[in-house]
Amino acid sequence: MDVLETLRNLVEIPSPSGEEDRLIEFLMDTFTEMGYEPITIEKEGVRDIVLNPEAEVWVVTHLDTVPIKRGFSFDGVYAYGTGVCDTKGSITSILLALNEVKELKLGIALLSDEEEGGKGSEIFVESFEPRKAIVMEPTSLKIANVHYGSLEIVAEFKGVSSHGSMPEFGRNAIDLAIDAIIKLKRTINEPVKFFVQEIKGGGDEYKIPDRCSLRIDFVFPPSVKLSDLKKTVLDLLENAEVRIVEEDEGFVSNDVVSLLENAIKMAGIDVEYGEMPSWTDAINLKKAGWNVVVFGPGELHYCHTERERIAVDEILKAKEILIALNETVV
């Protein structure tokens, strides 16, 4: 099985969130041709693929991508394209490993809807008792034993309209939103990070805007309590109506880390540690009682952009680590 051909095949099957069916059918056929017996679990139109459901140690990643921004290409070192890193490079390493292991001891779960609502991991944890899992996401092959929490909000600002030529008779809701952003930037410091994901307000009508909304995402390490951050944010946005879209605590991985560490050493690769600063399916697994850690090939900072890329060499290293992990499982 060729790494580049396998990766290209996966990337060239578009699978934005909610449109994973073609990729699911392709992978079901591929697993069957390899001699495995894949099953799917489904709820409310969301489907996951599972191999070896009785396993105690699992490798988990997701099938879906963000909307397509770039087709597949290869420059001799890096492969480019939407999903190539997040996470079809990881799926490629799984397929390559499965093609070489003599006996599969790991459980494999490929989940839908990670990029949107996380429903794939929700139905997965409903179907299985808590076990151990390595969730594959881009970490540059570092063990991300520190997983950040997240807080996503929508803040609605209400102003007062007036004729555009006489702003002194109105109250500009966009100005209120900008003032709030400035206040947040002055108050929210490291290790908490945040960004304004979306801003909506105003229009082409010549009047002072009386409505503006901000969608803001905060990420923070386990040392920061969600309740403390939420109180700070709500206090700073006291002049807005705030809706909590998503909120999750961060966590530090425990003994599953040693399994992965041993596998990396067996594969002859240096062990490095890092952090996962983004929401992943590991959050839903952790909340359901799973012992989980995040790890995988690729650079996270390029993902979700037209610059998304992955070094093919990292996919091959990840394959060797998965083979070694399979050997360590009793």
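A residue counts as buried when its relative accessible area is under 20%. In this predicted model, C212 has a relative accessibility of 2% and is therefore buried. C303 is buried as well, with a relative accessible area of 7%.

The cysteines were examined for disulfides. A disulfide requires two cysteine sulfur atoms within 2.5 Å. For C303, the closest cysteine sulfur belongs to C85. The two sulfurs lie 3.7 Å apart, so the distance is too far for a bond. By this rule, the structure has zero disulfides.

Empty space inside the protein was considered next. Rolling a probe the size of a water molecule over the atoms shows where such space is left. The structure holds one cavity of 30 Å³ or more. The volume of the largest cavity is about 70 Å³. Its lining is made up of V59, I94, A97, L98, V101, L104, L106, I108, L322, I323 and N326. Two helices each supply at least two of these residues: α3, spanning 88-100, and α9, spanning 312-328. By class, ten lining residues are nonpolar and one is polar. No charged residue takes part in the lining of this cavity.

The pockets were treated in the same manner. The largest pocket has a volume of about 1,000 Å³. It is lined by 31 residues, of which F195, D217, S278, W279 and H304 are the closest to its centre. Four strands give two or more residues each to the lining: β9 (149-158), β10 (193-201), β11 (211-220) and β12 (241-248). Of the elements, β10 gives the most, with four residues. The lining of the largest pocket is mixed in class, with twelve nonpolar, ten polar and nine charged residues.

Helix α4 was examined for its buried residues. The helix covers residues 119-127. Its buried residues are G120, S121, I123, F124 and V125. An α-helix has 3.6 residues a turn, so residues three or four places apart point the same way. Several elements cover the buried residues of α4. Among them are the strands β1 (39-43), β2 (46-51), β3 (57-62) and β6 (107-111). Helix α8, at 281-287, is also part of this cover.

Definitions and conventions: Residues are numbered from 1 along each chain as its sequence is written. This is a predicted model: local features need pLDDT of at least 70, side-chain atom pairs count only at pLDDT 80 or more; totals for chains, interfaces and linings use all residues. Side-chain values use heavy atoms; hydrogens and water are left out. Buried means under 20% relative accessible area, exposed over 50%, partly exposed in between (1.4 Å probe, protein chains only). On a 1 Å grid over the protein atoms alone, a cavity is a set of points where a 1.4 Å probe fits but cannot get out, and a pocket is an open set with protein on both sides within 12 Å along at least five of seven lines; lining residues have an atom within 4 Å of a point. Grid points are joined across faces, edges and corners, and a volume is the space filled by probe spheres set on the points. Ala, Val, Leu, Ile, Met, Phe, Trp, Tyr, Cys and Pro count as nonpolar, Asp, Glu, Lys and Arg as charged, and the others, Gly among them, as polar. Contact means heavy atoms within 4.5 Å.
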